[in-house]
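This report describes how two protein chains meet each other and a DNA strand. The sequence and the structure are shown first.

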Number of protein chains: 2
Amino acid sequence: MAVTIKDVAARAGVSAKTVSRVLNGEAYVREPVREAVLGAIEALSYRPNVFARGLSSARSYLIGLFLDDPTWSGYAAGLQRGALHRCRARHYHLLVELVDMEKPGFEAEMLASISALRLDGVILTPPVCTHEGLLARLETAGLPYVRVSPGQTPQRSGSVDIDDVAAAAEMTAHLIALGHRDIAFIEGIPDHAATPKRRAGFEQAMQAAGLGVRDDCIAAGDFTVNGGRLAGERLLALDTRATAIFASNDDMALGVMAAAARRGIVVPHQLSVAGFDDSYSAQIAWPTITTIRQPIMDMAGAAVDMLIDRQYRDEPHGPQWNRVLPYELVVRDSTAPPA
Amino acid sequence: MAVTIKDVAARAGVSAKTVSRVLNGEAYVREPVREAVLGAIEALSYRPNVFARGLSSARSYLIGLFLDDPTWSGYAAGLQRGALHRCRARHYHLLVELVDMEKPGFEAEMLASISALRLDGVILTPPVCTHEGLLARLETAGLPYVRVSPGQTPQRSGSVDIDDVAAAAEMTAHLIALGHRDIAFIEGIPDHAATPKRRAGFEQAMQAAGLGVRDDCIAAGDFTVNGGRLAGERLLALDTRATAIFASNDDMALGVMAAAARRGIVVPHQLSVAGFDDSYSAQIAWPTITTIRQPIMDMAGAAVDMLIDRQYRDEPHGPQWNRVLPYELVVRDSTAPPA
DNA sequence: GTGAAAGCGCTAACAA
DNA sequence: TTGTTAGCGCTTTCAC
């Protein structure tokens with residue numbers, strides 16, 4: 001049988017309650033006793049039974065990550081990985097559940113899962129985190145949730161995000177600094193929260209540099225490689241071609257590079273291409289893509305922290321309620337001064 | 001407070017034990033009683049507390065997926081997704097945990113996690129699933145585990161795999177059928193179980209077609225884009241260049257395509273390139289890569305089934321103990337007849 | 001067929 | 001500062 005708290009108590013020569021105190025970082029344990037207990041825990045490689053704990057206390061030490069099934073991506077993978085790391089550090093566990101927003105009644109099913117599992121909190125990502133009905137139900141059920149990239153209404157819950165506007169502006173400034181004057185932009189899916197922000201950042205930076213944005217140099221896109229390729233074809237077919245194209249995510253940047261290759265346009269010498277996200281695509285592309293790195297793992301970690309800490313100091317809407325983490329401009333091989 | 005089994009019992013006018021019987025589909029409950037209980041459950045929208053259940057019984061309804069942190073990949077993501085789907089269908093939950101094989105004593109930590117969580121079973125993937133010490137500990141602990149791509153000793157545990165030899169042979173036959181006679185091959189990491197199998201399949205198919213394999217047309221690789229690029233550079237620099245290159249995974253195929261682009265060699269007209277795995281890379285590449293699709297989601301689903309069903313009919317080494325699922329040759333745009 | 005009693009391993013409340 | 005006593009909500013005996 002597995003090691004229990006009694007075994008640890010016996011080995012350390014104390015009561016079970018004392019072991020419990022050490023486990024939960026409670027006060028009133030003398031240092032030598034604490035160390036003896038810690039030693040016994042180590043020696044026995046003891047881990048408290050999550051079920052017993054969950055049954056006797058309010059905490060379950062379980063955090064749920066709800067992922068939208070069809071939208072599965074590198075983004076989701078990075079997020080999960082970050083959450084996993086933080087959970088491990090905090091001695092929590094991550095329960096991953098699939099969400100199918102197409103399915104009617106999916107919210108009820110989610111709530112049922114959550115309550116059966118007594119989750120301490122859940123992490124929501126787009127597009128799940130913008131579903132009004134779901135948020136409302138979570139709130140009436142009193143279930144703590146944190147959203148990553150919450151979009152319009154961050155204050156509504158704990159949230160973690162980056163400043164998309166500033167990031168897009170910085171990328172644009174990078175292109176301008178290289179000497180580009182004529183820069184095209186490819187947008188993302190209209191209903192994604194980041195789409196208008198990234199475009200706004202681009203336009204602000206252009207304006208700040210006293211550069212104009214031609215109407216035919218803003219192309220619609222959909223965050224996919226193929227969408228980027230089509231937009232790229234269109235932009236590259238223009239009579240006066242831009243010397244740089246800023247695609248608002250990496251997959252679309254990859255598509256632009258495919259379109260360029262097809263026309264015999266060499267990146268970056270004849271055309272600079274920039275992306276956004278620092279996804280896997282940006283790293284495996286050839287040449288590698290200049291992009292904006294979102295600290296996705298840190299963001300997930302921050303979300304986990306918010307969920308866990310909420311239980312100790314219940315102060316919603318405090319200063320840390322809506323965190324905006326720093327992004328990073330990653331300059332790689334797809335951008336260079338214009339020919 | 002949440003609804004408990006007692007509330008249900010009271011409402012149905014029976015004892016808690018009877019409700020428990022209905023919940024677990026046990027025999028010896030008369031139909032009218034059963035219906036009354038079911039009615040009460042429905043009326044109260046009762047959900048048994050997973051913790052209480054797990055604490056008092058052997059089953060936890062939890063399955064663990066242990067993923068090697070650095071090796072995180074699209075493969076792992078697909079696997080998880082498949083497991084998640086099957087778990088949901090079976091009313092189980094998936095707990096994902098990180099493994100760091102570099103860390104000394106990681107096995108002990110894993111075992112501790114598993115016992116703390118009372119997992120009903122765990123799914124292991126490469127490279128974790130080939131760690132002898134870990135398998136031995138799982139076995140002494142009596143913990144059911146299933147391996148995906150188990151390598152050398154599938155019989156040792158339940159396992160799910162594809163026939164790498166046959167798949168590689170089929171890809172090679174595809175290239176030969178297109179008219180290629182001079183085909184190069186890029187190997188994977190030596191200690192990965194699939195590496196020798198894929199090469200064997202390649203050589204068998206060449207031999208079967210009466211074609212020779214030149215020594216300088218077998219290149220070492222490491223399953224990465226860059227490794228593929230380096231191997232590609234080498235192969236393309238040869239005086240008598242092969243007309244097709246079969247890289248034993250998609251990332252390396254992508255690297256080969258980058259090497260070709262650099263030399264101005266057009267794929268597929270001047271060079272055919274084939275990959276393996278049908279990963280994301282194969283789909284976003286331009287041209288898209290001809291590859292072998294592993295039914296990774298089905299494989300994960302099968303692993304979940306083996307773990308769950310084991311509890312009812314404990315018959316290890318039965319006919320379903322080592323499943324080999326069908327792969328699929330996916331012909332895309334990177335392969336064509338030689339110029 | 002059904003129910004009463006006794007835990008599962010832990011923590012909350014209360015003593016000491 | 002530490003230990004004792006009850007449960008948490010369920011399933012497992014083992015009666016009836």
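Two residues are taken to be in contact if their C-beta atoms, placed from the backbone, lie within 7 Å. In this sense, the elements covering the buried residues of helix α2(A) include α1 (5–12) and α3 (31–44) of chain A. The model discussed here is predicted.

**Helix α2 of chain A**

Helix α2 of chain A spans residues 16–23, and A:T18, A:V19 and A:V22 are buried in it. These residues lie on the same side of α2(A), because they cover an arc of only 100° around the axis. After α2(A) comes A:G25, which has a positive phi, near 60°.

**The interface between chains A and B**

Contacts link 35 residues of chain A with 35 residues of chain B. On the side of chain A that touches chain B, at least two residues each come from α4 (50–56), α5 (74–90), β2 (93–99), α6 (106–117), α11 (250–262) and α12 (280–284) of chain A. By class, that side of chain A is made up of 22 nonpolar, eight polar and five charged residues.

One of the contributing elements, β2(A), is also joined by three bridges to strand β2 (residues 93–99) of chain B, and the two strands run antiparallel. Within this pairing, A:L95 has B:L95 as its bridge partner in β2(B).

A turn of 179° with a shift of 0.8 Å along the axis lays chain A on chain B with an RMSD of 1.7 Å. This is the relation of a two-fold axis. The C-alpha of chain A nearest the axis belongs to A:F51, at 2.0 Å from it. Of the interface residues of chain A, 94% are also interface residues in chain B, so the copies meet through the same surface.

**The surface near DNA strand C**

DNA strand C is surrounded by 26 residues, of which A:I5, A:S20, A:A52, A:S56 and B:S56 are the closest. Two or more residues of this surface come from each of α2 and α4 of chain A and α2 (16–23) and α4 (50–56) of chain B. The surface near DNA strand C has its own make-up by class, set beside that of the chain A interface in the table below.

| Surface | Nonpolar | Polar | Charged |
|---|---|---|---|
| Side of chain A that touches chain B | 22 residues | eight residues | five residues |
| Surface near DNA strand C | 13 residues | nine residues | four residues |

Notes. Residues numbered from 1 in each chain as written. Chains lettered and ligands numbered in written order. Predicted model: local features only at pLDDT ≥ 70, side-chain atom pairs only at ≥ 80, totals over all residues. Helix = DSSP H or I, 4+ residues; strand = E, 2+ residues; numbered from the N terminus. Nonpolar A, V, L, I, M, F, W, Y, C, P; charged D, E, K, R; others polar. Pairing = 2+ DSSP bridges. Buried ≥ 20, exposed ≤ 12 C-beta atoms within 10 Å, placed from the backbone. Arc of directions from axis to C-beta. Least-squares fit on C-alpha atoms with pLDDT ≥ 70 in both. Near = placed C-beta within 6 Å.
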